[in-house]
Amino acid sequence: MGNHFLKLSLLLVTVCVCVSFITTKLNPKETIISLSDSAIPTEIHGVKIYRQASSTKLSQLGVFSWPKWEGTPSKFPWKFKKTETMYFLEGKIKVDVDGYDKEEESFVIGKGDVVVFPKDMKCVWEIIEDVKKHYSLEE
């Protein structure tokens with residue numbers, strides 16, 4: 001009985017390591033996480049991304065009382081004059097942060113994500129799918 005338990009434990013550890021390795025190789029730039037009260041965001045080039053935020057957290061942040069912005073497919077440079085937190089209701093955006101010029105250094109944000117861009121960040125936004133978002137600017 002003890003020998004079977006040891007074999008099953010080793011098998012479980014092996015499976016966990018393999019899943020972790022495969023997940024990292026499939027999407028090396030970011031890890032998808034849920035936004036819970038203690039969630040740590042994925043950070044890419046200084047941008048904090050919380051994937052698929054919970055309704056509880058969205059309520060705590062008060063995102064639905066924030067101003068709304070909409071955009072259609074386009075590409076444009078942008079500089080954040082203040083730290084901006086946004087919640088995406090719809091759409092998809094490809095972001096190229098100034099100073100990270102290689103194609104593989106860009107990243108995509110969109111529906112369900114809470115994203116925080118720091119003050120003074122320069123980037124290029126490429127709206128891939130129509131976007132609807134709520135946003136909050138730091139005072």
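A residue is called buried when its relative accessible area is under 20%, exposed when that area is over 50%, and partly exposed in between. This distinction will be needed at several stops of the tour, which moves through a predicted model.

**The whole chain**

Begin by displaying the entire protein chain as a cartoon. Two helices and eight strands should be visible. Following the chain along its sequence, one meets them in the pattern α-β-β-α-β-β-β-β-β-β. Next, switch to a surface view. The protein chain exposes about 9100 Å², and carbon and sulfur atoms supply 59% of that area. Of its 139 residues, 32% count as buried. Among the contacts in the chain with a separation of 6 or more, 73% are between residues 24 or more positions apart.

**First stop: Phe76 and its ring partners**

Select Phe76 and show its side chain. Its relative accessible area is 21%; because this value falls between 20% and 50%, Phe76 is partly exposed. Now add Trp78. The ring centres of Phe76 and Trp78 lie 6.4 Å apart, and because their planes meet at 85°, over the 60 degrees required, the pair is edge-to-face. Trp78 is also partly exposed, with a relative accessibility of 43%.

Keep Trp78 on screen and select Phe80. These two residues form an edge-to-face pair as well, with 6.5 Å from centre to centre and 75° between the planes. Is Phe80 buried or exposed? Its relative accessible area is 2%, so Phe80 is buried.

To see the wider setting, extend the selection to Trp69, Phe88, Phe117 and Trp125. Together with Phe76, Trp78 and Phe80, these residues are linked by ring pairs into a cluster. A search of the whole structure finds nine aromatic pairs.

**Second stop: Thr83**

Move on to Thr83, which is located in the loop between strand 4 (74-79) and strand 5 (84-97). Thr83 has a relative accessibility of 17% and therefore counts as buried.

Which residues is Thr83 in contact with, leaving aside its neighbours within four places in sequence? Select Val116, Phe117, Pro118 and Lys119, then Ser136, Leu137 and Glu138: these are its contacts. Phe117 has already appeared on this tour, as a member of the aromatic cluster.

Finally, zoom in on Thr83 and Lys119. They are 36 residues apart in sequence, yet their C-alpha atoms are 4.2 Å apart in space. Display the backbone of Lys119 together with the side chain of Thr83: the backbone nitrogen of Lys119 lies 3.3 Å from a polar atom of that side chain.

Terms used:
Residues are numbered from 1 along each chain as its sequence is written. This is a predicted model: local features need pLDDT of at least 70, side-chain atom pairs count only at pLDDT 80 or more; totals for chains, interfaces and linings use all residues. Side-chain values use heavy atoms; hydrogens and water are left out. Helices (H or I, at least four residues) and strands (E, at least two) are DSSP runs, numbered from the N terminus. Buried means under 20% relative accessible area, exposed over 50%, partly exposed in between (1.4 Å probe, protein chains only). Contact means heavy atoms within 4.5 Å. Accessible areas come from the Shrake-Rupley method with a 1.4 Å probe; for residues, only the protein chains shown count as cover. A polar contact is a pair of N or O atoms within 3.5 Å; within protein, one must be able to donate a hydrogen and the other to accept it, and residues adjacent in sequence count only if both atoms are side-chain atoms. Rings of Phe, Tyr and Trp (its six-membered ring) pair if their centres lie within 6.5 Å; planes under 30 degrees apart count as stacked, over 60 as edge-to-face and the rest as tilted.
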